[in-house]
Amino acid sequence: MIPVTSFAGKTVAVFGLGGSGLASCHALKAGGAEVIAADDNAENVAKAAQAGFITADLRKVSWANFAALVLAPGVPLTHPVPHWSVLKAREAGVEVIGDIELFCRERRRHAPDAPFVAITGTNGKSTTTALIAHLTKVAGYDTQMGGNIGTAILSLEPPRMGRVHVIEMSSYQIDLTPSLDPSVGILLNVSEDHIDRHGTIAHYAAVKERLVAGVQAGGTAIVGVDDGFCRDIADRLDRAGKNVVRISVKNPLATGIHVEHGTIVRTAGGARSEVAKLGGIGSLRGQHNAQNAACAAAAALAMGISPDVLQSGLRSFPGLAHRMEQVGRRGNVLFVNDSKGTNADATAHALSSFSEIFWIAGGKPKAGGITSLSGFFPRIRKAYLIGEAAQEFSGTLGSVAHEISQTLDVAVEHAARDAEASGLTDAVVLLSPACASFDQYRNFEIRGTKFRELVQALQGVKPVV
């Protein structure tokens with residue numbers, strides 16, 4: 001845990017008592033603050049009270065003595081309308097911040113030069129965060145990974161030299177971190193997302209920009225420049241005097257890092273050097289993962305990690321569970337768990353990564369279905385449709401070979417049988433549902449775990465090494 005000493009002797013309201021909110025309560029109390037905990041959910045309030053915190057309805061108390069409102073990132077700050085607790089804080093002149101802001105203040109107080117890598121982007125945040133954490137561990141750092149990827153930042157160990165914090169940040173978290181100042185900041189990409197919480201794509205992009213704009217003096221801002229928003233952001237950072245490293249997987253760069261025929265290449269002043277090779281690394285297949293790897297490589301180089309260690313770390317990266325996770329092989333058939341592919345855009349990355357696919361898809365459908373994936377249909381040898389979306393997807397697939405399997409266990413059994421019988425040397429049984437899991441499973445993790453168990457129970461399946 002990271003005790004938050006910056007509010008010692010003061011009273012702080014904490015609203016939103018899920019994982020990060022309760023961690024904030026513990027960290028503030030450990031640092032000497034008095035905490036008043038609140039939530040719209042009575043069960044969460046009860047849990048906070050059982051943990052020994054004072055709880056209250058913040059609509060019925062005086063805000064005169066509150067030094068800050070620590071808001072959980074899931075609570076609306078601006079759109080569609082500010083949460084009532086935010087309005088109360090503004091009326092009282094009380095600052096509204098999040099748990100990562102508390103971390104930033106502690107780092108500045110106690111270890112301002114301790115390495116802090118912050119990662120954001122519309123897509124690829126979690127993989128890039130996990131990959132950087134893996135690379136820093138391989139390089140010998142005491143690595144603390146958290147934020148949006150799962151572990152609340154204040155539940156990690158405190159900042160100190162030799163210890164790196166690798167933190168994934170959503171736009172909601174950036175919005176609540178006004179003094180965000182990583183030593184290495186990464187913006188992967190920007191595309192339309194979370195407009196319900198930010199109002200416009202322009203505002204959403206501006207929030208993302210703050211992460212790299214806040215990089216501390218002497219630090220490095222790494223920006224993927226394969227979309228227009230990020231190209232403009234990189235140019236603005238340049239003009240502001242930041243040390244900017246541009247990343248592209250679509251075009252060579254005169255200065256920056258790009259990916260060329262599976263090789264990460266660094267260019268500067270007319271000089272060109274090969275940084276690392278991605279060929280044969282199954283956990284980093286596809287153009288989207290090439291961008292993740294290039295940004296992670298740029299972060300590693302900015303931290304002084306050698307190319308040899310970088311290459312070793314890339315090759316040993318196991319990937320993230322449920323995200324293009326290679327869960328087994330039987331003969332020439334590879335089984336891939338991409339249960340995190342909960343919409344068509346996410347599934348497009350998976351389908352683009354293989355050419356002979358026995359595709360398991362379906363679940364609780366989302367708007368638009370799979371019509372946008374038609375360009376990948378020639379890669380599909382056969383589809384196995386499950387859940388509520390099965391009939392709809394059947395109509396969209398048309399002449400593409402498919403069956404309505406209904407359940408995941410039937411789909412795995414039939415896909416494995418057909419893939420093996422095909423005789424193809426690179427057959428892939430791919431779970432990438434393009435759907436939510438809620439019709440059959442509580443979340444995508446449970447669905448992916450079930451897939452992994454079903455695959456590993458098949459006779460002759462071996463782990464991928």
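How many disulfides does a search of the whole structure find? The count is zero, and since this is a predicted model, every close-up below shows predicted coordinates.

**View 1. Two cysteines that stay unpaired.** C25 is in no disulfide. Its nearest cysteine sulfur belongs to C104 and sits 19 Å away. Turn to C104 and the story is mutual: its closest cysteine sulfur is that of C25, and 19 Å is too far for a bond, given that a disulfide needs the sulfurs within 2.5 Å. C25 counts as buried, at 0% relative accessibility, and C104 is buried with a relative accessible area of 0%.

**View 2. The largest nonpolar core, with V223 in the frame.** This core has 47 residues, and F7, L28 and V223 touch the most other members. Helix α8 (residues 201-213) supplies the largest share, five residues. Leaving aside residues up to four places away in sequence, V223 touches L187, V212, C230, A234, L237, V244, V245, R246 and I247. There's also a second, separate core of 40 residues, and I132, L278, L284 and A293 are among its members.

**View 3. A nine-stranded open sheet.** Read across, the strand order is β7-β8-β6-β9-β10-β11-β12-β13-β14, with mixed pairing. β7 (142-147) and β14 (271-277) are the edge strands, each pairing on one side only. From one strand to the next, the twist averages 20°. Zoom in on β11 (residues 244-248) and β12 (residues 256-260): these two run parallel and are joined by two bridges. Look for S248, which stands opposite H258 in β12.

**View 4. Helix α5 across the strands.** α5 (residues 125-138) lies across four strands: β6 (116-120), β7, β8 (163-168) and β9 (184-187). Against β8, the helix runs at about 170°.

**View 5. Aromatic pairs, edge-to-face.** The model has three aromatic pairs, and two of them are picked out here. F15 and W84 sit 5.5 Å centre to centre with 80° between the planes, an edge-to-face arrangement. F15 is in strand β1 (residues 11-15) and W84 in helix α3 (residues 84-92), so this pair ties together parts 69 residues apart in sequence. F15 counts as buried, at 3% relative accessibility. In the other pair, the ring centres of F103 and F116 are 5.0 Å apart and the planes are at 70°, so these rings are edge-to-face too. F103 belongs to helix α4 (residues 99-110) and F116 to strand β6, so the pair links parts that are 13 residues apart in sequence. Both F103 and F116 are buried.

How values were computed. Residues are numbered from 1 along each chain as its sequence is written. This is a predicted model: local features need pLDDT of at least 70, side-chain atom pairs count only at pLDDT 80 or more; totals for chains, interfaces and linings use all residues. Side-chain values use heavy atoms; hydrogens and water are left out. A nonpolar core is a set of buried Ala, Val, Leu, Ile, Met, Phe, Trp, Tyr and Cys residues joined through side-chain atoms within 4.5 Å. Buried means under 20% relative accessible area, exposed over 50%, partly exposed in between (1.4 Å probe, protein chains only). Contact means heavy atoms within 4.5 Å. Two strands pair if DSSP finds at least two bridges between them. Axes are lines fitted to C-alpha atoms, for helices over the stretch in contact, and angles run from 0 to 180 degrees between N-to-C directions. Rings of Phe, Tyr and Trp (its six-membered ring) pair if their centres lie within 6.5 Å; planes under 30 degrees apart count as stacked, over 60 as edge-to-face and the rest as tilted.
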